[in-house]
Amino acid sequence: MIKTLKWMGIIIGGLIVLLILILLVAPVFIDIQKYKPRIEQGVAKATGRSFSIGGDLDLSLFPWAGISLTDLRMGNPEGFKEGDFLTIKSFDIRVKLLPLLFKDIQIKRFIINGPKLFLERRKDGRANWEGIGKGKGTPSPGGEERQKKGPEGPVEGLPIKGLAVGKFSVSDGELLWVDRASGGLHEIKELALELKDVSLDRPLGLSFSAIADGKPISIKGKLGPLGKEPGKGLLSLDLVVQALEELDMTLKGTVRDAVAERPQLDLALQIRPFSPRKLAAALGEAFPVNTRDPEALNSIGLSMLVKGDPRNLSISDGNLSLDQSKIVFSANVRDLSRPDLQFTVSIDKIDVDRYLPSQGDGTGGGEKKALPQGKGREKTDYGPLRRLVLDGEIRIGELKIKGATLKNVRIKVKGRNGLYTVDPFTFKAYQGNMVSKASLDVRGDVPRTRLKLEGRDFQVRPLLSDVLGKDFLEGTTHAVLDLSMVGDKADQIKRTLKGKGNLRFMNGAIVGVDLSGMVQNIKAAFGFAKRDRNTPRTDFSELEIPFEMNGGVAKTPRARLVSPLLRVLAIGKADLVRETLDFRVEPKVVATIKGQGDTRKRSGIMVPIRIKGSFSKPSFVPDLGGSLKKTLEGGIQQMLEGKGQEGKQAESPEETIKGIFKSFGIQQ
């Protein structure tokens, strides 16, 4: 029995030695070159493209089974200018034979050198990569159907137990993309890919670099382990992406079930501050945003944590640096088909004016082109807003917008089924406080908006100076507004504007107009009086303007001004659609202002003022007709009653006439 086992061992050992000798000697005696035509024909039939191997084949069988090829070429279809679709300078692979018997793949090296891929789209839209793999023959019956259905039965991981690759590299690669329809041309050169420590149970090292359109791109880091079922289970990422010498991004975390329908993400993203303007310049493109401040959008950085799956995501620890602004944010999104978004945003300070389009940016001025007859503006699709569910809050320490500086801004917004509310919207500005709320209804085809606000203690002069660059009104403001409007275009909103409000200004002045002088003597009203070098102004203790708005026309039934010398009432309207004014200012002189140290009696014709014209060029015209009529009516009444100056009983008709002339400012 022992001798039998001994001889069996000798025989088996001898067979193994003989097999090894055969594997070592066989490549010397086998003419591998004669198989080149068969290989070329097989690849050509499988791809439907011409295929050739220009160099010799190199075959080895033990201890590493391998093959080396040089000068591989795959042709383009007919009708394309470039002769080759793909070329490879050399290809070399070495695999250990014996472990293959145990489903353990050990690759010594897998090296591709000098691959060059040429992608082209013709003017007629046909591309040279279309049809690869269809072959030149007729597909077998049922083949197409099997291809659609995919492989029979579930795929349970890889049919191997182990994988180890000593060296995996692609070097000196090139890719050229030509789109003859659009004239686009892009080129990638010096493409290099290297994988280190490739296995199924250890993270592999990744190093990728290329020159894309003359700009460097690189990806480095670790990926994996892949596991025995790549795409399933937990996949770790630790990658650094650098591009165009400007962008530097780090991605760390895990992805679970990457190839599943709902992969689970747990990632940390960090983009170090970079200049979007320099990035666009590096790409050779004009910066797509024309900002009022040419230095805006010159530095952006981002970091955040992302968890969830493609349907439900949460973002936490969000930090965005935008130029000089620091923004902290978080968000939760559920059901992206009908997004339910909750968010919080906190901004230390931001100047929105810097990011608005620059003046004269093609948005205004010049001759407006008329729309073709029968064609109106395209309707806005509010479907996404009707599906969106929103609940968020924004806080801003300091906000500059349209020249105004607001502080401690708080905006809370909610929305569902196309109805959105902003409640509250509060801020502090110019020593005052604003409390407001608004609603937007897009449940119909045309949006409807409602706005309510109340502002107290605003200093109106610096506000107007910052927002409008004008200096025509001073005082402390109390404003109450309740307005509604329909539409999403400016002209439509103006035509449908309605509501009411009240503007009240205390202890201020109207700068640029001397109502006291204009209403108290004819010379000033006509401009015959000697001009004062100082800026004219009308001081007041109170100016109140109640109004009602309908169809874009604001009417005030009784605006009033109270000053030391005057009581002024104004009646009229302002048309926001036509941007015109039509007001009549009726003055009433105060006989004395004893309380302010003045005992002189005041008299003269009270000249009403008509304010007409446009918003940009209002005109102030004395209403002499109304004034004379009123004065004469009063004088006639005095004559009938036999009264003289200052309403006293006249001693004679002569005294009565003197009183009438004095009321016109005419002294004897």
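Is Thr87 buried or exposed? In this predicted model, Thr87 is buried, because its relative accessible area is 16% and buried means under 20%. The legends below take up the chain as a whole and then a series of close-up views.

**Figure 1. Overview of the predicted chain, with its eleven helices and 31 strands.** Of the 668 residues in the chain, 32% are buried. Among contacts with a separation of 6 or more, those between residues 24 or more positions apart account for 49%.

**Figure 2. Surroundings of Thr87 in strand β4.** The strand that holds Thr87 spans residues 84-96. Once residues up to four places away in sequence are set aside, Thr87 touches Leu72 and Arg73, and also Gly114, Pro115 and Lys116. With a relative accessible area of 16%, the residue is buried among these surroundings.

**Figure 3. The largest nonpolar core, made up of 25 residues.** Ile350, Leu406 and Phe427 are the residues with the most contacts inside this core. At least two core residues come from each of the strands β18 (340-351), β19 (389-401), β20 (404-416), β21 (419-429), β23 (448-459), β24 (473-486) and β26 (537-550). A second core, separate from this one, has 22 residues, including Leu57, Val95, Val170 and Leu206.

**Figure 4. Phe427 and its contacts.** Not counting residues up to four places away in sequence, Phe427 touches Leu406, Lys407, Asn408 and Val409, together with Gly432, Asn433, Met434 and Phe458. Leu406, one of these partners, is also listed with Phe427 among the residues that have the most contacts inside the largest core.

**Figure 5. Strand β17 and its alternating side chains.** In a regular strand the side chains alternate between the two faces of the sheet. Strand β17 (residues 325-334) shows such an alternation, with Ser325, Ile327, Phe329, Ala331 and Val333 pointing to one face, where they are buried. Lys326, Val328, Ser330, Asn332 and Arg334 point to the other face and are not buried.

**Figure 6. Strand β17 between its antiparallel partners β16 and β18.** Strand β16 (residues 312-322) runs antiparallel to β17 and is joined to it by nine bridges, and in this pairing Ile315 stands opposite Ala331. These two strands form a hairpin with two residues between them, and in the turn Asp323 has a positive phi of about 55 degrees. The pairing of β17 with β18 is likewise antiparallel and extends over eight bridges, with Val328 standing opposite Ser346 in β18. The hairpin of β17 and β18 has five residues between the strands, and there Asp335 takes a positive phi near 55 degrees.

**Figure 7. Arg504 in strand β25 and its polar contact with Glu542.** Strand β25 comprises residues 498-511, and within it Arg504 is partly exposed, with a relative accessible area of 30%. Its contacts, leaving aside neighbours within four places in sequence, are with Thr476, Thr477 and His478, and with Glu542, Leu543 and Glu544. The side chains of Arg504 and Glu542 are joined by a polar contact of 3.0 Å. Arg560 is 56 residues apart from Arg504 along the chain, and their C-alpha atoms are separated by 9.7 Å.

**Figure 8. Two of the five aromatic pairs found in a search of the whole structure.** The ring centres of Trp129 and Trp177 are 5.7 Å apart and the planes meet at 45 degrees, so this pair is tilted. The pair links distant parts of the chain, 48 residues apart, with Trp129 in the loop between β6 (116-121) and α3 (143-149) and Trp177 in strand β7 (residues 162-179). Trp129 is partly exposed at 33% relative accessibility, and Trp177 is partly exposed at 21%. Phe427 and Phe458 form a tilted pair too, at 6.4 Å centre to centre and with 55 degrees between the planes. This pair connects strand β21, which holds Phe427, with strand β23, which holds Phe458, across 31 residues of the chain. Both Phe427 and Phe458 are buried.

**Figure 9. An aromatic cluster and two arginines placed over rings.** Phe91, Phe110 and Phe168 form one aromatic cluster. Arg49 lies over the face of Phe85, at 5.3 Å from the ring centre, and Arg122 lies over the face of Phe80, at 5.4 Å from the ring centre.

Conventions: Residues are numbered from 1 along each chain as its sequence is written. This is a predicted model: local features need pLDDT of at least 70, side-chain atom pairs count only at pLDDT 80 or more; totals for chains, interfaces and linings use all residues. Side-chain values use heavy atoms; hydrogens and water are left out. A nonpolar core is a set of buried Ala, Val, Leu, Ile, Met, Phe, Trp, Tyr and Cys residues joined through side-chain atoms within 4.5 Å. Buried means under 20% relative accessible area, exposed over 50%, partly exposed in between (1.4 Å probe, protein chains only). Helices (H or I, at least four residues) and strands (E, at least two) are DSSP runs, numbered from the N terminus. Contact means heavy atoms within 4.5 Å. Two strands pair if DSSP finds at least two bridges between them. A polar contact is a pair of N or O atoms within 3.5 Å; within protein, one must be able to donate a hydrogen and the other to accept it, and residues adjacent in sequence count only if both atoms are side-chain atoms. Rings of Phe, Tyr and Trp (its six-membered ring) pair if their centres lie within 6.5 Å; planes under 30 degrees apart count as stacked, over 60 as edge-to-face and the rest as tilted. A charge sits over a ring if NZ of Lys or CZ of Arg is within 6 Å of the ring centre and within 35 degrees of the ring normal.
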